[in-house]
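User: I am learning how structural labels are earned, and I would like to see each one set against its definition. Please take me through them one at a time.

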Amino acid sequence: IEGLSPVISIEQKTTSRNPRSTVGTVTELSDFLRLLFARASRAYSYETGEAMVSYTDSKIISLINERFTGKRIAVLAPVVRSRKGHYRELFEQIIRMGFVRARVDGEIVEISGGYRLDRYKTHDVEIVIDRIRVAATAEARIAQSVETAMSHGKGTIAIIDLDSGELAYFSRQLMCPTTGIAYQEPEPNTFSFNSPKGACPHCDGLGTTKEVNLDKVMPDLQKTIRKGGLAPVGEYKKNWIFNQLEIIAMKYGFSLDTSVADIPKEALDIILNGTNEVMTIEHKAIGVTKEYKVNFEGVIHFIANQSKDAKSRTIQRWADDFMENVNCGTCGGARLRKESLHFKIVGQSISDVSTMSLLDFNNWIDSLPNHLNEKEWKIACEISKELKARTAFLLDVGLGYLNINRSARSLSGGEAQRIRLATQIGSQLVNVLYILDEPSIGLHQRDNARLIHSLKQLRDIGNSVIVVEHDKEMIETADHILDIGPRAGIHGGYVVAQGAIEDILKADTITADYLNGKRNVPTPATRRSPSGYINLYGATG
Ligand SMILES: [Zn+2]
């Protein structure tokens, strides 16, 4: 046999078990969206919400002249921002570079050898590069100082009015004009939760974290510790853990026979979160005081560590039984760093648009030319065409209710298949034989026509499409039909009719009888009454 086309089977299975795979990654929408945000978004400060600004050196110098003319200023190079440490070496280094003053936690000080700060407090340190009165005659010196400050401050400087204390930050990078926090120039990875550049550092870009569930640790507050009130340690055994628990109990005046609900709050906190202290306990009966070293990491840490680091899968599974996935507290499930979430287009962050339904997303793309300025639109135009095309294919196959962030794992077989179908239509391949298994499954009847339209598109650009299907509309639309029957399983398997729909209707087959209305699936005269209901809570869509 010659001239067979390459075959692509679009199956009905969920694309991926990978928790990082989403509708956006499968369809490439995420790639283009990240590109769009890297090129055409505006940055806002996560502290104040102001638009971030970036300047060239000459712009900075002219701004200094405008704002501080006639005033005595200091040119500062920020080197430490809200970080802990004593910074002895840093100050040594500053002295060696020839500077004698620094602004430490808002105050200008002279530094000398051995100068150091409280290592347990957070500090801000800026090197005082120069002190000048701003005037036209000083322009060259200001320019020189700004350049020096830029090199020490990694692209950011501060100017302080020495008399009024007024402070202003200027940066070559994107920077908040009030607080001086700076962002890196965005790149596509800034918006990827699969890249360390973009991923929320708390949940590593997963959007959820595994936390110990106290309801599972203490399932019955009326139980005592001895009888298994702390589920992870179980019922009383003679071992080290119960020994530690007994010491804590002695210290806080309860016993292993106290119900969990009645254990003092302070003691329960130690049991759950651990302690590392020497407990002094007086034994009334024998009149002596004894010291006990309690080095107990706490039930919560123990479970969390076992879940993360245990070598054995069995122990990990045991620990996971006491844990649950909760929305990440840092990013709120958005999976990205807060900086990344403060780049916006038409007021929306990439996370906002990724959680819109594809239908709304489509409208958002359409609104871009009205809201972007000319320069932004020039950049965004081509990228938005790509986004628009891919979204249109997804809408055509009836998936307008999904969103870009939707986890691919959570899609039904039919949805996953239609996404792959949309991707194939988008790929514009020709001379390919596509095979689809029941693509209408799970599809709302309303969207059937659009699905059929998509399949016709595939055909019209020069492909063959074979569909295994029971759907009447789909059968009626086919150019050529093979009716396999007459019945299911071992009672079938023969081609009982073939041809165009007219030929099928004329054939003496069960299928024809149904299509002609000679047979039908009767609606039952009476419906059985339900014996119970399943309640759905919080369901949407
Ligand atoms: Zn997070």
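User: What covers the buried residues of H3?

Analyst: The cover over the buried residues of H3 includes strand E3 (72-84), helix H5 (139-152), strand E7 (156-161) and strand E8 (167-171). The names themselves follow a rule: helices (H or I, at least four residues) and strands (E, at least two residues) are DSSP runs, numbered from the N terminus. This is a predicted model, in which local features need pLDDT of at least 70 and side-chain atom pairs count only at pLDDT 80 or more, while totals for chains, interfaces and linings use all residues. Residues are numbered from 1 along each chain as its sequence is written, and side-chain values use heavy atoms, with hydrogens and water left out.

User: Which residues of H3 are called buried, and what does that word require?

Analyst: Buried means under 20% relative accessible area, exposed means over 50%, and partly exposed lies in between, with a 1.4 Å probe and protein chains only. In H3, the residues that count as buried are Ile60, Ile61, Leu63, Ile64, Asn65 and Phe68. As background, residues three or four places apart in an α-helix point the same way, because there are 3.6 residues a turn.

User: How do you know that the length of helix H3 agrees with what is expected?

Analyst: The expected span of a helix is 1.5 Å times one less than its number of residues. Helix H3 (residues 57-68) has 12 residues and should therefore span 16 Å, and its end C-alpha atoms are 16 Å apart, which agrees. After H3 comes Gly70, with a positive phi near 80°.

User: What makes the site of the zinc ion tetrahedral?

Analyst: Donors are N, O and S atoms within 2.8 Å of the metal (3.2 Å for Na, K and Ca), and sites may look incomplete because water is not among the atoms. Here the sulfur atoms (SG) of Cys200, Cys203, Cys328 and Cys331 coordinate the zinc ion at 2.3 Å. Four donors count as tetrahedral if all angles lie between 85 and 135 degrees; four count as square planar and six as octahedral if opposite donors are over 155 degrees apart and all others between 65 and 115, and anything else is irregular. The angles among the 4 donor atoms of the zinc ion are 105 to 115°, and the site is tetrahedral. For comparison, the ideal angle for four tetrahedral donors is 109.5 degrees. Along the chain, the donors follow the spacing C-x2-C-x124-C-x2-C, and both Cys200 and Cys203 are buried.

User: Why is Arg103 called buried or exposed, whichever applies?

Analyst: Arg103 has 11% relative accessibility, so it counts as buried. This residue is found in strand E4. Contact means heavy atoms within 4.5 Å, and, leaving out residues up to four places away in sequence, Arg103 touches Leu76, Ile108, Asp124, Val125, Glu126, Val128, Ile160 and Leu167.

User: How do you know that E4 and E5 pair?

Analyst: Two strands pair if DSSP finds at least two bridges between them. Strand E4 (residues 101-104) and strand E5 (residues 107-110) have 4 bridges and run antiparallel, with Arg101 opposite Glu110 in E5. Their hairpin has 2 residues between the strands, and Asp105 takes a positive phi near 50° there. E4 is also joined to E6, by 3 antiparallel bridges, and Val104 stands opposite Val125 in E6. Strand E6 (residues 122-133) pairs with E3 as well, in the antiparallel sense over 10 bridges, and Leu76 stands opposite Val128 in E6.

User: What is notable about the phi of Glu28, and how accessible is Glu28?

Analyst: Most residues other than glycine have a negative phi, and most peptide bonds are trans. Glu28 is not a glycine, yet its phi is positive, about 70°, and it sits in the loop between helix H1 (23-27) and helix H2 (29-40). With 35% relative accessibility, Glu28 counts as partly exposed. Glu438 likewise has a positive phi, near 45°, and at 23% relative accessibility Glu438 counts as partly exposed.

User: Which peptide bond is cis?

Analyst: The bond joining Gly485 and Pro486 is cis, with omega about 5°. Pro486 lies in the loop between strand E19 (481-485) and strand E20 (494-499).
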